[in-house]
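Start with the ligand and its surroundings. Then turn to the cysteines.

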Amino acid sequence: MTLALYGHPFSSYTWKALIPLYACEIPFTFHMLDETTTDTDAWRFVTTRAGPLGKFPVLADGAAVIFEATSIIEHLVVHQPRATGLIPADADAAVQTRMLDRVFDNYVMNVVQGMIGEYIFKDAPDPAACRRIRDNLERTYDWLERWLAGRPAPGRAITLVECAAAPSLFYADWVHEITARWPRLKAWRAHLNALPAVARCIDEARPWRPNFPLGAPDRD
Ligand SMILES: N[C@@H](CCC(=O)N[C@@H](CS)C(=O)NCC(=O)O)C(=O)O
């Protein structure tokens, strides 16, 4: 049964599902969701048969419909032999992996989405809200810098941590730059961006860069 992934090439959470599919070379069909597809079966499927708010990515695997990018990865680990390494078999290591996944979703990507919301949903971004968002990102960058100091040098392996970290750090840097003040984090982001599965997502998303609400910086 060929898997079907519904999402958009510029969407960070879609990358989070694409990275393991590419890295583990799992065949799937991609169903694009954007303003040109709002009257299609793919759009109706995501908005009526998946999660409560119609968010993407969504994975269809036969009768199974999985939303939430982390749950999609958990599904791949359970059902795709090539994906078993995405979450460590050791129970304690798996807890650490899942905790880091939460860090990248809750303290990086969702914070970044808050900033993007300031630019999309308001007449003008609220300076106090933007300042709070930047402060929170800096606190997370500080935490990640300390976390990286206690980690062995990154290899080329992709786990749930890399799937969550790569897209969230990619866009976080665009919202609040990861400067030389966080040298390990900056270097790790560059390492993640160079992983073939991540580099492919970055390249496939290039045509949409002009749509980035804060303006896409001239890097990456
Ligand atoms: N917690 C969800 C977040 C998904 C999410 O925020 N997706 C964004 C695209 S990156 C989306 O669906 N945006 C459209 C919308 O909110 O209607 C996950 O992990 O999959």
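Nine names make up the shell in this predicted model. The residues around the ligand are Ser11, Ser12, Tyr13, Lys55, Phe56, Pro57, Glu68, Ala69 and Gln113. Sorted by class, this shell has four nonpolar, three polar and two charged residues.

Which atoms of the protein lie 2.8 Å, 2.9 Å and 3.0 Å from the ligand? Take the backbone and side-chain partners in turn. Phenylalanine 56 offers a polar backbone atom, 2.8 Å from a nitrogen atom of the ligand. Glutamate 68 uses its side chain: a polar atom there lies 2.9 Å from a ligand nitrogen. Alanine 69 acts through a polar backbone atom, 3.0 Å from an oxygen atom of the ligand. Taken alone, the ligand exposes 510 Å², and the protein buries 74% of that. The space that the ligand takes is the largest pocket.

Now the cysteines. How many disulfides does the structure hold? The count is zero. A disulfide is a covalent bond between the sulfur atoms of two cysteines. Here the cut-off is 2.5 Å between the two sulfurs. Why does cysteine 163 have no such bond? Its closest cysteine sulfur belongs to cysteine 24, and the separation is 7.5 Å, so the two are too far apart for a bond.

Is cysteine 163 buried or exposed? Its relative accessibility is 0%, so cysteine 163 counts as buried. Cysteine 130 also counts as buried, because its relative accessibility is 9%. The limit that applies is under 20%.

How values were computed:
Residues numbered from 1 in each chain as written. Predicted model: local features only at pLDDT ≥ 70, side-chain atom pairs only at ≥ 80, totals over all residues. Heavy atoms only, no water. Buried < 20%, exposed > 50% of the residue type's maximum accessible area, 1.4 Å probe, protein only. Near = heavy atom within 4 Å. Polar contact = N/O pair within 3.5 Å; in protein donor to acceptor, adjacent residues only side chain to side chain. Areas by Shrake-Rupley, 256 points an atom, 1.4 Å probe, with all protein chains shown as cover. 1 Å grid on protein atoms, 1.4 Å probe; cavity = no way out; pocket = protein on both sides within 12 Å on 5 of 7 lines; lining within 4 Å. Sits in = over half its atoms within 2 Å of the grid points. Nonpolar A, V, L, I, M, F, W, Y, C, P; charged D, E, K, R; others polar.
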